[in-house]
Amino acid sequence: MTRIWNSIVGKLWVTILLLVAFVLFIFTILMLEFLSNFNTQQAEDSLRQEATTIARIVNEHDSLAATESIISDILSDETNALISSKKGDIKYSLQKGLNQKAIRSTIISNKAFDHIYTSKEPIVVEMLLPSAKEDAQKENYIVLAAPINVDDEVHGAVFIYQSPDAIHRTTKETTKIVFLSAAIALVLTTIFAFFLSSRITSPLRKMREAAFEIAKGKFEVKIPVLQRDEIGQLATAFNQMGRQLKHHVEVINQEKEQLSSILTSLTDAVITFNRDRTILLNNPPAELLLQKWFINKGEDSSKPLPVEIYHMLEHVLEMEEELEEELGIDGAYYMISISPLYSGESVRGAVAVLRDKTEEHRLEKLRSDFIANVSHELRTPISMLQGYSEAILDDVVTSEEERNEMIRIIYDESQRMGRLVTDLLDLARMESGKMTLYRDEIGINYVFERITHKFIQQGKEKDIEVSFESEFDDHETIWLDEDRIEQVLTNLIDNAIRHTPSGGHVKVLVDRHLSFARIRIQDDGAGIPAEDLAYVFERFYKADKARTRGKGGTGLGLAIASNIVNSHKGRITVDSEVNVGTVFTFFLPLEDTNN
């Protein structure tokens, strides 16, 4: 039942039914009132006719018996008559039912009939008289008084009154007919309303079902057009709307996929903000950046972005202008560009593009440091070459021994410059990926022990013990470029001996670590400060800024060693403590990574 009331069919039915019922109600009231007045008027007319007839009969006949017989035939069953020759005197009475005497007395004594004995016109009065059918009850009667012997100045009168049963019976029959007609009209109206509403709502229900299907994404749903009226036009428009909606959704999805692909493929971080400064959309690089900032914020993570970006965002949203700045955040550098997003005439948010410039800053710093270091490294030998050459050319030397010494120094410095240039070329070739490795399967203990033994004598000369230890068996092998690994190990052992005081120890330890061979070069020398450990593999970097390089050093050995190890798919690390010692560790894969 609730479903019917909530449907258009029920609402149309109730609306039409109430409208028809209201019209029928007004019509019934007016019709009953009209019929009541009509029946009353008809009763009065009938009484007038009967009274006139009785008055004429009384005037024409002197015999009371003949008059009574004729009057009895004229009066209907519900009509009673009284004939009075003068006021208060009843000459003839034709009454039926109860309370006849009380009725006569009430009619004769009514002052409304006082003038009937002198008047020539009949008088009609509605009176409340005792009932002729039941005791102790009264009913409304229509009483008509008509004059008799109107030629005399004072004459008699005939009083005719009719029982209300006739009028009531006629009214009841009429009311039954009216109410029966109203009921038939309501039934027909209900049938018509349901028929009409069904014709209207049937296509509307189909449209509703189709609308729900379209809401689920089934845009191919179509409504059959069976009519050419407004509902049929609505169905046609609905089908066109579905096709257009499908087309627009497909276009939007294509644009969304294109935008998503573009955002995903961008290396720059892209973040879209709402007007309330909340993040609406971000791509994968931005997600990684947000995670990094969130972790760095720790407990203070109510706002995921650095405060500098929020300041820029506030400026863009308030001033409605694009802003671009380069900021340093948490040790990194970003080029940040924020532009407002418009919805009509108002700003609905902003989009920020963040480009990580940290690597560019680092490379720029390395380039400037490289130029400064190369200039510094070349300045000393060039100065020495120039100075000693000028001394020889100017004959400043006084003996052949001094001349030979200067020539030897010039030769050594030129050799040093040659090694520096060679190392620079090797390093550039390694970093460009053009270095070729000649791998071979070699015994682990053989290669590392052989290289270590080369430095035992050099260590003895400085009173430093150089030793080798290995956990591998002699038959175990490894794939590597022996010459390049010898270059790495030579550099690391040589550095350890040069920075270890007399009486110290340098150890080469080889063991297994997961699927790698771990080679550690351990000394108990001066050590490297903690703040310098991150830079030891950079070119020309010196932990001791006041220390000059030993003879033959170029400052590129550790950078070259790091590149060689990386080319072998390994990695190199350093641990050190000042005045305790240093451990250089590099890992090489035990299996051939080229297979």
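**Two sheets and their surroundings: a group meeting presentation**

Let me begin with one side chain: that of serine 337 makes a polar contact, at 3.4 Å, with the side chain of glutamate 322. The model I am presenting is predicted. Serine 337 belongs to strand β9, and its relative accessible area of 15% places it under the 20% limit, so this serine counts as buried. Setting aside residues up to four places away in sequence, serine 337 touches Glu322, Leu323 and Glu324, together with Val351, Ala352 and Val353.

Strand β9 brings us to its sheet. Five strands make up this open sheet, in the order β7-β6-β10-β9-β8, with antiparallel pairing. At the edges stand β7 and β8, the latter covering residues 323-329, and each of these two pairs on one side only. From one strand to the next, the twist averages 25°. Within the sheet, β9, residues 332-343, and β10, residues 346-356, are paired in the antiparallel sense over ten bridges. Across that pairing, leucine 341 stands opposite glycine 349 of β10.

I turn next to asparagine 283, which is located in the loop between β7 and α7, that is, between residues 279-282 and residues 284-297. Is this asparagine 283 buried or exposed? Asparagine 283 has a relative accessibility of 2% and therefore counts as buried. Which backbone atoms does the side chain of asparagine 283 reach? One is the backbone oxygen of aspartate 268, at 2.9 Å. Another is the backbone nitrogen of valine 270, which lies 2.9 Å from a polar atom of the asparagine 283 side chain. Leaving aside neighbours within four places in sequence, the contacts of asparagine 283 are Leu263, Leu266, Asp268, Ala269 and Val270.

Let us move to another sheet. Here, five strands form an open sheet with mixed pairing, in the order β12-β14-β15-β17-β16. Strands β12 (465-470) and β16 (571-577) are at the edges with a single partner strand each, so one side of each has no neighbour in the sheet. The twist from one strand to the next averages 15° in this sheet. Strand β14, residues 505-513, pairs with strand β15, residues 516-523, in the antiparallel sense over eight bridges. In this pair, arginine 512 stands opposite alanine 517 of β15.

Helices pack on this sheet as well. Helix α13, residues 482-498, touches β12, β14, β15, β16 and β17, and its direction makes about 25° with that of β15. Helix α11, residues 444-453, lies across β12, β14, β15 and β17, and runs at about 175° to β12.

Helix α13 merits a further remark. Its 17 residues reach 24 Å from the first C-alpha to the last, close to the 24 Å expected at 1.5 Å a residue. At the start of α13, a side-chain oxygen of aspartate 481 comes to within 3.2 Å of the backbone nitrogen of aspartate 483. The buried residues of α13 include Ile485, Val488, Leu489, Leu492, Ile493 and Ala496. As general background, an α-helix has 3.6 residues a turn, so residues three or four places apart point the same way.

Now to the edge strand β16, where the side chains alternate. Which of its residues point to the buried face? Ile572, Val574 and Ser576 point to one face and are buried, whereas Arg571, Thr573, Asp575 and Glu577 point to the other and are not. Strand β16 pairs with β17 in the antiparallel sense over seven bridges, and glutamate 577 has glycine 581 in β17 as its bridge partner. The hairpin of these two strands has three residues between them, and asparagine 579 there takes a positive phi near 65°.

Helix α14, residues 557-567, is mostly covered, with nine of its eleven residues buried. Among them are Leu558, Ile560, Ile564 and Val565, and also Ser562 and Asn563. Just after α14, lysine 569 takes a positive phi of about 65°.

I close with the protein as a whole. It contains 14 helices and 17 strands. Of its 595 residues, 36% are buried. Among contacts between residues at least 6 apart in sequence, 59% join residues at least 24 apart. The protein exposes about 35500 Å², of which carbon and sulfur atoms supply 54%.

Technical notes
Residues numbered from 1 in each chain as written. Predicted model: local features only at pLDDT ≥ 70, side-chain atom pairs only at ≥ 80, totals over all residues. Heavy atoms only, no water. Pairing = 2+ DSSP bridges. Helix = DSSP H or I, 4+ residues; strand = E, 2+ residues; numbered from the N terminus. Axes fitted to C-alpha atoms, helices over the stretch in contact; angles between N-to-C directions. Contact = heavy atoms within 4.5 Å. Buried < 20%, exposed > 50% of the residue type's maximum accessible area, 1.4 Å probe, protein only. Expected span 1.5 Å × (residues − 1). Polar contact = N/O pair within 3.5 Å; in protein donor to acceptor, adjacent residues only side chain to side chain. Areas by Shrake-Rupley, 256 points an atom, 1.4 Å probe, with all protein chains shown as cover.
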